[in-house]
Amino acid sequence: MKSVKKRVIAIINPISGIASKHKVPALLAAAYQDREEELFLTYTKGEGHAAEVIKEAMVHGLDSVIAVGGDGTINEIASALSGSEVKLGIIPRGSGNGLARALGIPMQNDAEAVRIITEGKLVSIDMGLANGLPFFCTFGVGFDAQITKRYDDASTRGLLTYIKSAIDEYISFKPQEYKISIDNHDIGGEAFLITCANIEQYGNNAYIAPNASPSDGLLDLVIIRPLEGIHAAQVALQLFTKTIDKNARIESYRGSHIVIERSAFGPAQIDGESVQMGKKIEIGVRQQDLLVYAPLSFGEAIQPF
Ligand SMILES: Nc1ncnc2c1ncn2[C@@H]1O[C@H](COP(=O)(O)OP(=O)(O)OP(=O)(O)O)[C@@H](O)[C@H]1O
C-alpha cells in the first residue's frame, strides 16, 4: 500500500520586515529533500491570504505550517491553526519578531531556525482573544496602539521606522481615562498604555511583561500611568533591560478575564497590527491552543553565570 506523505506548507510574507527572504525556499527544499513530509511553498498576496491557504490545505490534510514573516503573519496563520493538531514552525522575518524571540528562535540563523522545526520540541501556547480577535503575543490600547497605527501608515518598515513612529507619537500623545477590571477586581484611572501580554515582549526585545508565560492560561496586564520627561526615558530603558517590573509607576496583574472600557471607539494593537475597536473591550484566553516548534532548551531555567 502506498503511504501518503505528511504535508507541510511554508507561507512566506514578501513584505514583512526588512531582511531578505530569497534564500529561504532553497534552504527549506534542502531540509525537506530526504524527509517523509512533502513541502509546499506559497507567498501571501495580502491580508487574509494566509488563512485562506491554510483553510484550503486543511481539507487535503496538513501536518504543519512554516511561517516566514513577523508577528502579523504568524497571527493570521496561528489563528487559522488554533485548536487544531497542525503545528506551527517559525522562520523569523518580521520587524519585531516577538513570538520567535520569546520562544528562543534565533534571528539571524535560518539553518538553526529550520533545525528547530525539524528537530526541536513542540510546545503548546495560549491564545488571547480581544473582542473575539485572536492574539498570541500582546494586545494593547493607548500609546502602543497609537505607535502601531503610525507604523502601519508609514511607507518604510524596520526598527528605525518604529523608533521614529514612537518619538513622533510621544510628542502629541494624550493619556486617557479607563475603567479596567481583571478577574472582577476593578482598577481604573488614567493610563499612558494598557497591555495584555501572553508573552514577555512586544518584539525587538522590548520586554513589557518580563514574567509572562505563554502557556499558563493567564495574561499579564501591564498598566503604565501617565509619564513625563525623565520617567518616560527611564521606562524606555527598563523596557529594553527587562526591568520594567521594578518600576513603582508600573502596575502589573495576572488573570484570565480582563475588561477595558474607554470613552470612545479608537485604535488598539493586536500582535503589532493596528485595528479599530469599540469603547468596551473584553479579553479572554484559551489555554494551550496552539502547537509551536521551539528549541529543545525552551522552558529550561537559564543558569546565571
Ligand atoms: N503581499 C502582501 N502585500 C502587503 N501586505 C501583506 C502581503 N502579505 C501579507 N501582508 C500583510 O503584511 C502584514 C505585516 O506582516 P508582519 O506583521 O508579518 O510583518 P512586520 O510588521 O514587518 O513584522 P512584526 O509584526 O514582527 O513587527 C500582515 O498584516 C499581513 O496581513
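The paragraphs below lead through one strand with its two neighbours and then through two helix pairs of a predicted model.

Residues are numbered from 1 along each chain as its sequence is written, and side-chain values use heavy atoms, with hydrogens and water left out. Because the model is predicted, local features need pLDDT of at least 70 and side-chain atom pairs count only at pLDDT 80 or more, whereas totals for chains, interfaces and linings use all residues.

The starting point is strand E5, which spans residues 121-130 and is mostly covered, with 7 of its 10 residues buried; buried here means under 20% relative accessible area, computed with a 1.4 Å probe on protein chains only. Strands are DSSP runs of E with at least two residues and helices are runs of H or I with at least four residues, both numbered from the N terminus. Two strands are said to pair if DSSP finds at least two bridges between them, and E5 pairs in the antiparallel sense with strand E17 (residues 280-294) over 9 bridges. E5 is also joined by 3 bridges to strand E6 (residues 133-135), and these two strands run antiparallel. Gly 128 can be followed to both partners, since it stands opposite Val 285 in E17, while its bridge partner in E6 is Phe 135. Between E5 and E6 lie 2 residues, so that the strands form a hairpin, and Asn 131 in the turn has a positive phi of about 45°.The helices can be read in a similar way, using axes that are lines fitted to C-alpha atoms over the stretch in contact, with angles from 0 to 180 degrees between N-to-C directions. Helix H6 (residues 143-153) and helix H7 (residues 159-172) pack at an angle of about 125°, their axes lying 9 Å apart. That angle makes H6 oblique to H7, where angles under 35 degrees count as roughly parallel, over 145 as roughly antiparallel, 65 to 115 as roughly perpendicular and the rest as oblique. H6 passes H7 in a right-handed crossing, a term used if the near helix is turned clockwise from the far one by less than a right angle. The contact (heavy atoms within 4.5 Å) involves residues of H6 including Phe 143, Ile 147 and Tyr 151, and residues of H7 including Tyr 162, Ala 166 and Tyr 170.

For the second pair, the axes of helix H1 (residues 24-32) and helix H5 (residues 110-119) come within 11 Å and cross at roughly 40°, which makes H1 oblique to H5. H1 passes H5 in a right-handed crossing, and the contact is made by Val 24, Leu 27, Leu 28, Ala 31 and Tyr 32 of H1 together with Asp 110, Ala 111, Val 114, Ile 117 and Thr 118 of H5.

Conventions:
Buried < 20%, exposed > 50% of the residue type's maximum accessible area, 1.4 Å probe, protein only.
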